[in-house]
Amino acid sequence: MLFKNKEKILIFGTGSGGVNFFNSCRSRYRVVGFLDNNKQKHGDKLLGLKIYSPQKLKELSFDKIIIASDYYIDIHNQLVNQLMVNEEQVEVFHSGEAVFLSGWQLLKNKIYQYFIKLMCCQPGFLTSILFHLFYGRWRGCNNIKAMPFDWLDRREDLCIHLFRPAIPDTVAGPAYIGRPQVMVDILLPEIALYRMKSTQVCTVSRSFILPDSRLLIERIASSIKDDADYSGGHLLYHGKKLALVRKDSPELIEKGILISGRNEKNYYHWMLEVLSQLQFVNEMPDEFNDYPILISAFSEKIESIRCFIEAANTGRDLIYLNGVSSYLVADLLLISTPNNMIANSKGTAWSDVKNSYARSESIEYLRQTAFKRCRHEQKFKNYKRIFLARKGFIRHYNQNEIIDALEKFNFYSVYMEDLSFDEQVSLIAQADMIVGPTGAAWTNIIFAKSGAKALCWMAEEWGDLSCFSNLAFHVGVEMDYISYSAGTKESRELYYQSYHLPIDDITSWVKARI
């Protein structure tokens with residue numbers, strides 16, 4: 001009778017997203033198991049429930065599949081178009097699911113989060129009791145471990161080479177219309193080469209499991225916030241002293257240079273945080289000349305990323321890593337990230353200007369590498385005013401109204417993901433005016449010409465999120481911002497929250513600059 005009125009669901013995803021969904025919403029459903037594309041996990045258990053291969057769906061009884069993974073677009077396509085699951089049985093979990101919970105359920109979730117935070121403060125008797133309660137073997141959590149961790153930049157014993165010293169710089173926050181732009185001086189951290197032995201890695205986390213069962217996490221050292229959330233991949237949660245880690249049976253790799261980030265689905269993270277590391281591969285000490293590059297297999301699927309890697313021309317072999325797998329690298333080389341940002345927060349989404357930074361040298365490297373292979377497309381020479389349109393899978397808003405209004409000012413609406421890399425670079429490089437909502441497409445602002453004008457809108461809850469405004473500052477683009485209210489302060493929710501933007505706010509800005 002306990003499950004009489006509850007839907008039977010399968011959770012697709014066994015990383016932090018799947019665990020978060022289970023802990024947040026399990027009281028609403030009867031969870032019958034997990035799904036994952038990683039063959040290493042098939043047949044194992046997570047939170048006491050079996051992990052199945054998606055190919056086993058015809059043998060399973062369920063009412064609904066909840067996708068709780070950053071790969072939701074690909075997984076949705078896999079389920080609906082390849083495995084022929086009824087689309088009405090597939091939903092995507094975006095943290096905001098919790099708003100449908102009862103008051104009692106929300107309270108239980110807050111209590112759970114409090115105890116997890118308490119558990120990860122520091123080792124001790126209380127930690128052992130709480131870990132046994134939430135993740136003990138009796139819960140079927142044999143592969144989840146509580147580990148002490150340290151920040152990567154504190155491990156001077158692992159640093160073997162310095163590419164660039166720490167230098168002073170300035171970060172430019174978003175220039176919201178009607179208020180002064182926030183400009184902050186910071187110290188850009190050094191760019192260093194680290195060497196580690198027998199280390200477990202994955203492509204969607206900048207955390208590394210050492211052989212002594214200690215975790216290293218690369219942090220954004222310039223930030224003044226202490227609630228940055230670096231979870232992802234095998235890192236499920238981290239507190240002040242301890243982290244919850246999923247320790248799989250990893251595939252073995254002899255040696256390599258890991259070129260990775262925290263998100264392999266986002267163009268900004270790829271370009272600014274991951275591909276920027278390639279600049280320093282050619283500056284490696286000679287003793288590492290035969291080390292291959294270890295990089296996500298997603299780099300082969302994304303045309304723009306593949307083209308950039310070809311243009312970078314490191315001359316090294318590439319070993320492609322599966323994003324859902326873990327790897328044990330016997331001899332690992334790691335370049336600290338040249339540009340970085342805090343993508344998520346454990347608290348509110350409000351972002352400080354110092355939560356991201358970018359180097360002028362790094363941006364120039366990205367520009368010149370792209371321009372080296374891209375000839376300006378003549379078909380774009382008359383497209384001087386560009387609107388960056390988004391496809392409507394997430395963050396719905398009144399885009400069609402805005403497109404109609406901007407067409408009167410000769411704006412060309414473009415979905416950047418539909419263009420080749422050459423076309424994206426050429427289109428932005430020749431534009432005089434660029435307009436659009438905040439999102440990864442704005443990464444291409446690094447290819448814009450000095451003096452171009454730009455207008456971006458962003459939820460006020462993001463605060464002084466400076467990732468794109470700072471890029472514009474470095475290349476000399478005059479970039480303004482319009483804010484809107486999204487109605488949520490949760491950072492992960494803001495990626496998906498719908499909104500409506502007043503047309504006059506945009507057309508007034510355009511008229512004043514024509």
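Visitor: How far apart are the mean positions of the positive and negative charges of the protein chain?
Guide: Happy to help, and please keep in mind that this is a predicted model. The protein chain carries 60 positive and 58 negative charges. Taking the mean position of each set, the separation comes to 5 Å.

Visitor: What radius of gyration does the protein chain have, and why does that agree with a compact globule?
Guide: The chain has 514 residues, and a compact globule with that many would have a radius near 24 Å. The chain's own value agrees with this, because it is 23 Å.

Visitor: What share of the residues of the protein chain count as buried?
Guide: A residue counts as buried when its relative accessible area is under 20%. Applied to the 514 residues of the protein chain, that cut-off gives 57%.

Visitor: What share of the contacts between residues at least 6 apart in sequence join residues at least 24 apart?
Guide: Start with contacts in the protein chain whose partners lie at least 6 apart in sequence. Among these, the share joining residues at least 24 apart is 74%.

Visitor: Which strand pairs with E1, and in which sense, parallel or antiparallel?
Guide: E1 covers residues 8-12, and 4 of its 5 residues are buried. Its partner covers residues 30-35, with 5 bridges between the two. The strand is E2, and the sense is parallel.

Visitor: Which residue in E2 stands opposite Ile-9?
Guide: Ile-9 falls within E1, residues 8-12. Across from Ile-9, in E2, stands Val-31.

Technical notes:
Residues numbered from 1 in each chain as written. Predicted model: local features only at pLDDT ≥ 70, side-chain atom pairs only at ≥ 80, totals over all residues. Heavy atoms only, no water. Rg over C-alpha atoms; globule rule 2.2 N^0.38 Å. Buried < 20%, exposed > 50% of the residue type's maximum accessible area, 1.4 Å probe, protein only. Contact = heavy atoms within 4.5 Å. Lys, Arg positive; Asp, Glu negative; His and termini not counted. Charge placed at Lys NZ, Arg CZ, Asp CG, Glu CD. Helix = DSSP H or I, 4+ residues; strand = E, 2+ residues; numbered from the N terminus. Pairing = 2+ DSSP bridges.
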